[in-house]
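Please open the structure in your viewer and keep the selection tool at hand. The tour below proceeds from one selection to the next and states what is found at each stop.

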Amino acid sequence: MTETTPAVGSEPPRMDSPAGTGLALRWGFDSAIAQRARIITGVSANFEGWPLDDVTLLSALAGWLRLPQRRLLLLAADYSTMSNRFPRFEQWRRDWVHAVPAWRCPQELTKGLPEALFDDGNVSVQLFDAGTGRGRASLERRHGLLLAQQTDAVLQRSEPSWPAKALGL
């Protein structure tokens, strides 16, 4: 039996397995895009397990980013494996680097970094335990606000990272 992406506008999917986490993240992206969020924020130590190389997701994100004042903000502890893990996303991001900023969290704050996707509306997905895939996908505004507050405190001390093109001599 194969799992499919939950329909946009549907109830948030259960997060009780790594596969469920992938579905929930995809649901989060799709729901935020459908609700025309202005900012979607992805926070992770290294985005392992995220569906960032999914062709249909990248197409949907590109359409969403064409709308005025849209941003996909990334915050991670480490971007060193992104090129190998998500080559399609890395190539796609080159065209959208102006709207897809990547920030690196200071080392001393990485332990408290949530694993989450949220928008500026009411969509949020938070992973509590990567091993079991346990987490919460929600359409409750308060969950997203709490994640935004936690992330904002870290972003204030973060620095831009993961350039779109590697510099070389």
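**First stop: Gln150**

Select Gln150, which is found in helix 5. Helices here are DSSP runs of H or I with at least four residues, strands are DSSP runs of E with at least two, and both are numbered from the N terminus. The model is a predicted one, in which local features need pLDDT of at least 70 and side-chain atom pairs count only at pLDDT 80 or more, while totals for chains, interfaces and linings use all residues. Residues are numbered from 1 along each chain as its sequence is written, and side-chain values use heavy atoms, with hydrogens and water left out.

Is Gln150 buried, partly exposed or exposed? Gln150 counts as partly exposed because its relative accessibility is 36%; buried means under 20% relative accessible area, exposed over 50%, and partly exposed in between, with a 1.4 Å probe and protein chains only. Now add Asp120 to the selection: Gln150 and Asp120 are 30 residues apart along the chain, and their C-alpha atoms are separated by 14 Å.

**Confidence**

Colour the model by pLDDT, the predictor's confidence in each residue, from 0 to 100. The protein has a mean pLDDT of 91, and 92% of its residues reach 70 or more. Among the elements, the highest mean, 98, belongs to helix 2 (residues 55-65), and the lowest, 92, to helix 3 (residues 82-85). Where pLDDT is low, the predicted coordinates should not be read in detail.

**The sheet**

Next, display the strands. Seven of them form an open sheet with mixed pairing, in the order 6-5-4-1-2-3-7. Strand 6 and strand 7 (159-160) stand at the edges with a single partner strand each, so one side of each is left without a neighbour in the sheet. Two strands are said to pair if DSSP finds at least two bridges between them.

Select strand 1 and strand 4, which pair in the antiparallel sense over four bridges. Within this pair, Gly42 has Leu117 of strand 4 as its bridge partner.

Move on to strand 5. Strand 4 and strand 5 run antiparallel and are joined by four bridges, and a hairpin connects them through four residues. Phe118 has Ser124 in strand 5 as its bridge partner.

Then add strand 6 (residues 134-138), which pairs with strand 5 over five bridges, again in the antiparallel sense. Val125 stands opposite Ala137 in strand 6. Which residue takes a positive phi in the hairpin of strand 5 and strand 6? Select Gly133: its phi is near 75°, in a hairpin with four residues between the strands.

**A buried arginine**

Turn to helix 1 and select Arg26, whose place is in that helix. Arg26 counts as buried because its relative accessibility is 11%. Show the side chain of Asp54 as well, since the two side chains make a polar contact of 3.1 Å (a pair of N or O atoms within 3.5 Å; within protein, one must be able to donate a hydrogen and the other to accept it, and residues adjacent in sequence count only if both atoms are side-chain atoms).

**Pockets**

Rolling a probe the size of a water molecule over the atoms shows where empty space is left. On a 1 Å grid over the protein atoms alone, a cavity is a set of points where a 1.4 Å probe fits but cannot get out, and a pocket is an open set with protein on both sides within 12 Å along at least five of seven lines; lining residues have an atom within 4 Å of a point. Grid points are joined across faces, edges and corners, and a volume is the space filled by probe spheres set on the points.

The largest pocket has a volume of about 240 Å³. Select Thr21, Glu48, Glu115, Leu127 and Ala130, the closest to its centre of the 16 lining residues. Helix 1 gives the most to this lining, with four residues.

The second largest pocket has a volume of about 180 Å³. Of its 13 lining residues, Ile39, Thr41, Phe118, Asp120 and Ala148 are the closest to the centre. Helix 5 supplies the largest share of this lining, six residues.

**Last stop: the largest cavity**

The largest cavity has a volume of about 40 Å³. Among the residues to select in its lining are Met15, Leu25, Trp50 and Gln126. Strand 5 contributes the largest share of this lining, three residues.
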